[in-house]
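User: Hey, got a minute to walk me through this one? I'd like to talk helices, strands and a few odd residues.

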Amino acid sequence: METIKLSNGVEIPQIGYGVYQVTPEECERCVTDALKAGYRMIDTAQAYHNEEGVGRAVAKSGLKRNEVFLVSKVWISNYGYEKAKASIDESLCKLQTDYIDLMLLHQPFCDRYGAYRALEEAYQAGKLRAIGVSNFYPDHLVDLAANVEVKPMVNQVETHVFDQQIEAKKYMDELDCRIMSWGPLAEGRNGFFTNLLLAEIGARHGKSVAQVALRWLLQRGVIIIPKSTHAERMAENLNILDFELTADEMQNIATLDTGKSLFFDHHDGEVTKMFMGWR
């Protein structure tokens, strides 16, 4: 498994398994299958309500704790220093671990500064090996980084062939913050799985559309967490290390960029109200 070194020297697997929208009831089974397939990084979150399933699967896997890289996220209802501090301990308990490898703030809303102070404190106490954010646009990221002691090491944002985060990544690179993709397969939107360009490139390499799109992200230095509840798809998504896209193929795929989200604009007031539960 290829790894990417974070700003503090911690190495994170470049390919992980995400459990967004995996139900609490099937999470343990899915993570067990993912670990058997060879995944060594699992991405969850407080808001997914399945940290317990992740914890059970890892505990029963027979793998040593340091062989599995665990990622979770603090939800905005737990923002503010005291609430975030308590929620980190709750996540540790649910995940059945003494430390979380990477903890992120899930959204750029509410008291993110107080919540981030709790991340910094837990990081300095050894409860978290690395800290960062998720869904922070460049203005959010630059503003936070300028006002904290430990700059975010990772920013997990929507990143796929249709929303490539070219400009946003420039700011992350400037801040030595690694880009991590959620939705690397665009959740199948915008005709993803029938895209002719991706299919043509895949045919040349004997790979699927999904494998080509994931490989394209990998070659850009993006950390990815594709999700599937099917063991065969988990294996397929992981089987992208035995081929390489040419420079021309990389450039051709770059032309698919729309520069727009297929899901949420975190600068849209209605989106903000939705996440905050403000009616």
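Analyst: Sure. One cut-off before we start: helix axes at 65 to 115 degrees count as roughly perpendicular. Also keep in mind that this is a predicted model.

User: OK, so at what angle do α7 and α8 pack?

Analyst: Helix α7 (residues 196-205) and helix α8 (residues 209-219) pack at about 90 degrees, and their axes are 8 Å apart. That angle falls in the 65 to 115 window, so α7 and α8 are roughly perpendicular to each other.

User: Which residues make that contact?

Analyst: From α7 you have Leu198, Ala199, Ile201 and Gly202, and from α8 there are Val209, Val212 and Ala213.

User: How many residues of α8 are buried?

Analyst: 10 of the 11, so α8 is largely enclosed by the rest of the structure. Among the buried ones are Arg215, Trp216 and Gln211.

User: And what do the buried residues of α8 pack against?

Analyst: They pack against β9 (178-182), α7, β10, α9 (231-238) and α10 (247-254). Just after α8, by the way, Gly221 takes a positive phi of about 80 degrees.

User: Switching to the sheet. What's the strand order?

Analyst: It's an open sheet of 8 strands, ordered β3-β4-β5-β6-β7-β8-β9-β10, with parallel pairing. The edges are β3 (17-18) and β10 (223-224), each of which pairs on one side only.

User: Zoom in on β4 and β5. How many bridges?

Analyst: Strand β4 (residues 41-43) and strand β5 (residues 69-74) share 3 bridges, in the parallel sense. Met41 has Phe69 as its bridge partner in β5, and Asp43 has Val71.

User: Is β5 buried or exposed?

Analyst: Buried: that goes for 6 of its 6 residues, so β5 is largely enclosed by the rest of the structure. Both of its faces are covered, with Phe69, Val71 and Lys73 buried on one side and Leu70, Ser72 and Val74 buried on the other.

User: Why do the residues split up like that?

Analyst: Because side chains in a regular strand alternate between the two faces of the sheet.

User: Neat. Which helices lie across β5?

Analyst: Helix α3 (residues 81-94) lies across β5 and β6 (102-105), running at about 145 degrees to β5. Helix α4 (residues 112-124) lies across β5, β6 and β7 (131-134), and its direction is about 150 degrees to β7.

User: What about β7 and β8, how many bridges there?

Analyst: 2 bridges join them, and the two strands run parallel. Val133 has Asn155 as its bridge partner in β8. Strand β8 (residues 154-158) has 5 of its 5 residues buried, so β8 is largely enclosed by the rest of the structure too.

User: Back to α4. How does it cross α5?

Analyst: The axes of α4 and helix α5 (residues 138-145) come within 11 Å and cross at roughly 55 degrees. That makes α4 oblique to α5. The crossing is right-handed. Arg112, Tyr113 and Tyr116 of α4 make the contact with His140, Asp143 and Leu144 of α5.

User: And Ala125, where does that sit?

Analyst: Ala125 is in the loop between α4 and β7. Its relative accessible area is 56%, so Ala125 is exposed. Tyr99 is 26 residues away from Ala125 in sequence, with a C-alpha to C-alpha separation of 9.9 Å.

User: Thr97 is in a loop as well. Buried or exposed?

Analyst: Buried, with a relative accessible area of 10%. Thr97 is in the loop between α3 and β6.

User: What is Thr97 in contact with?

Analyst: Leaving aside neighbours within four places in sequence, Thr97 is in contact with Arg65, Leu70 and Leu92. Arg65 is 32 residues from Thr97 in sequence, while their C-alpha atoms are 8.0 Å apart.

User: Last topic: how many disulfides?

Analyst: The count comes to 0. Cys30 is in no disulfide, and the nearest cysteine sulfur, on Cys27, is 6.9 Å away. The cut-off is sulfur atoms within 2.5 Å.

User: Are Cys30 and Cys177 buried or exposed?

Analyst: Cys30 is buried, with a relative accessible area of 0%. Cys177 is buried as well, at 2%.

Definitions and conventions:
Residues are numbered from 1 along each chain as its sequence is written. This is a predicted model: local features need pLDDT of at least 70, side-chain atom pairs count only at pLDDT 80 or more; totals for chains, interfaces and linings use all residues. Side-chain values use heavy atoms; hydrogens and water are left out. Two strands pair if DSSP finds at least two bridges between them. Helices (H or I, at least four residues) and strands (E, at least two) are DSSP runs, numbered from the N terminus. Contact means heavy atoms within 4.5 Å. Axes are lines fitted to C-alpha atoms, for helices over the stretch in contact, and angles run from 0 to 180 degrees between N-to-C directions. Buried means under 20% relative accessible area, exposed over 50%, partly exposed in between (1.4 Å probe, protein chains only). Angles under 35 degrees count as roughly parallel, over 145 as roughly antiparallel, 65 to 115 as roughly perpendicular and the rest as oblique. A crossing is left-handed if the near helix is turned anticlockwise from the far one by less than a right angle, and right-handed if clockwise.
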